[in-house]
Amino acid sequence: MNPALPAIDDTPVWDVMLSVFKSQAITIALELDVFEGLKDPASLDELSEKLAYSPRGMKALLPMLKMQGFLDKHKGVYHLNNLSRAYMLKESPYYWGPFFSRRAETLPNYKMILENIRDGETVEARGSADGWESGQMDPELAKTVTDFMHSHSITSAVGLTHTCDFSGVEKLLDVGGGSGCYASALANHYPDMQCTIMDLAQVCDVAKDYIEKAGVSDRVNTKAVDMFREAWPEGYNAHFYSNIFHDWSIETCEELAQKSYDALAPGGRICLQEILFEEDGDGPFPAAAFSFFMTQGTKGQQYTLNELESILSKAGFKNISAQRSYGYYSLVTAYKI
Ligand SMILES: C[S@@+](CC[C@H](N)C(=O)[O-])C[C@H]1O[C@@H](n2cnc3c(N)ncnc32)[C@H](O)[C@@H]1O
């Protein structure tokens with residue numbers, strides 16, 4: 001049985017966690033002269049070209065400025081507003097730049113974050129992304145990263161079993177399942193469901209303890225598969241991905257969606273648990289901040305429902321729908337007809 005859900009959801013904890021990116025974004029925008037660059041309003045692509053910065057970096061940064069009230073956007077074009085003109089421009093007598101610039105010295109990994117945004121690098125202080133890409137992960141890192149992910153996913157995992165219907169799913173593959181919090185929560189909720197956590201070998205070793213603690217060892221197992229290099233197991237009628245597409249570029253997500261389509265049985269479904277951007281690609285704030293966070297160690301970003309729909313349709317999936325699952329998360333579901 002899953003533990004009872006707390007009386008309050010975990011969005012206030014997410015808000016605190018994501019708030020760390022608020023001043024990082026403003027500090028970087030000031031250092032990169034983004035406000036100066038927007039004295040003439042510009043679209044994301046126009047600004048990237050004008051300042052010669054990575055479009056991916058600008059796509060992570062501009063929504064953070066807009067969602068904090070420092071930019072407006074009209075028909076795809078970003079504009080300065082009263083707030084940014086007063087406090088973010090060097091010519092203003094009320095300029096805050098030197099304050100942020102001095103504080104930057106105290107921000108951990110500031111130089112790395114700045115370079116990621118400016119140049120589209122994907123460096124992360126502790127290197128988990130390198131392991132994901134190469135399929136090789138140090139066991140100690142696998143343990144700390146998996147514990148880290150588990151703590152931010154477990155409430156949403158149990159929460160999703162209260163809101164989303166997985167009846168009819170007999171065998172579920174949790175792709176990049178980490179600790180297996182979703183597989184275990186679903187198995188606890190659906191007594192006939194069998195689940196497999198597919199992840200790197202070192203992560204599967206960590207997941208085994210979590211499965212045992214969740215009391216579902218008889219129906220949840222692990223399968224060590226490098227999802228980019230090794231054959232995927234077949235015979236599942238659902239592939240579940242939580243926080244996986246947001247780690248990768250659109251092209252890599254397309255590759256993953258195709259692998260799922262090919263491996264799923266007809267009638268099977270793919271489920272993507274993600275914090276979605278609204279269609280304008282700027283908000284809500286949690287999506288913007290999580291997307292900004294994704295520049296630190298991944299090649300991904302938060303996606304809009306339209307972007308995910310297009311990735312899934314390209315692979316052949318049909319009947320795509322989305323619903324709010326828990327907290328800030330939504331579940332996107334599509335079928336192989
Ligand atoms: C952001 S975590 C998501 C974990 C979990 N699904 C959650 O939502 O908490 C990404 C997961 O993908 C796994 N992963 C990354 N690269 C992989 C690869 N090449 N093959 C298999 N799994 C991989 C990682 O080990 C990690 O567990």
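Where is the place of Lys75? Select it in this predicted model. Lys75 lies in the loop between strand S1 (71-74) and strand S2 (77-80). Check its backbone. Lys75 is not a glycine, yet its phi is positive, about 50°. Most residues other than glycine have a negative phi.

**Second stop: a cis peptide**

Go next to Gly283 and Pro284. A cis peptide bond joins the two, with omega about 0°. Most peptide bonds are trans. Pro284 sits in the loop between strand S7 (269-274) and helix H13 (285-293).

**Third stop: helix H1 and its neighbours**

Select helix H1, residues 11-31. Three of its packing partners follow: H4, H6 and H7.

*H1 with H4.* Add helix H4, residues 55-67. The axes of H1 and H4 come within 9 Å and cross at roughly 110°. The two helices are therefore roughly perpendicular to each other. Their crossing is left-handed. Now show side chains. From H1, take Phe21, Lys22, Ala25, Ile26, Ile28 and Ala29. From H4, take Leu61, Met64 and Leu65. These residues make the contact. By class, eight are nonpolar, none is polar and one is charged.

*H1 with H6.* Keep H1 and switch to helix H6, residues 97-104. The packing angle is about 110°, and the axes are 9 Å apart. That angle makes H1 roughly perpendicular to H6. The crossing of H1 and H6 is left-handed. On the H1 side, select Ser23, Ile26, Thr27 and Leu30. On the H6 side, select Gly97, Phe100 and Ala104. The contact of H1 with H6 divides into four nonpolar, three polar and no charged residues. Leave Ile26 highlighted: this residue of H1 belongs to the contact with H6 and also to the contact with H4.

*H1 with H7.* Move on to helix H7, residues 110-119. H1 and H7 pack at about 65°, with their axes 10 Å apart. They are therefore roughly perpendicular to each other. What is the hand of the crossing where H1 passes H7? It is right-handed. Pick Gln24, Thr27, Ile28 and Glu31 on H1. Opposite them, pick Tyr110, Ile113, Leu114 and Ile117 on H7. In this contact, five residues are nonpolar, two are polar and one is charged. Two H1 residues here have appeared before. Thr27 takes part in the contact with H7 and in the one with H6. Ile28 takes part in the contact with H7 and in the one with H4.

**Last stop: the ligand**

Hide the helices and centre on the ligand. Which of the 17 residues around the ligand come nearest? Select Ser153, Gly176, Asp199, Met227 and Ser242.

Now draw three distances:

- Start at Ser153. An N or O atom in its side chain is 2.7 Å from an oxygen atom of the ligand.
- Go to Gly176. A polar backbone atom of this residue is 2.9 Å from a nitrogen atom of the ligand.
- Finish at Asn243. An N or O atom in its side chain is 3.1 Å from an oxygen atom of the ligand.

Key. Residues numbered from 1 in each chain as written. Predicted model: local features only at pLDDT ≥ 70, side-chain atom pairs only at ≥ 80, totals over all residues. Heavy atoms only, no water. Axes fitted to C-alpha atoms, helices over the stretch in contact; angles between N-to-C directions. Helix = DSSP H or I, 4+ residues; strand = E, 2+ residues; numbered from the N terminus. Parallel < 35°, antiparallel > 145°, perpendicular 65-115°, else oblique. Left-handed = near helix turned anticlockwise from the far one by under 90°. Contact = heavy atoms within 4.5 Å. Nonpolar A, V, L, I, M, F, W, Y, C, P; charged D, E, K, R; others polar. Near = heavy atom within 4 Å. Polar contact = N/O pair within 3.5 Å; in protein donor to acceptor, adjacent residues only side chain to side chain.
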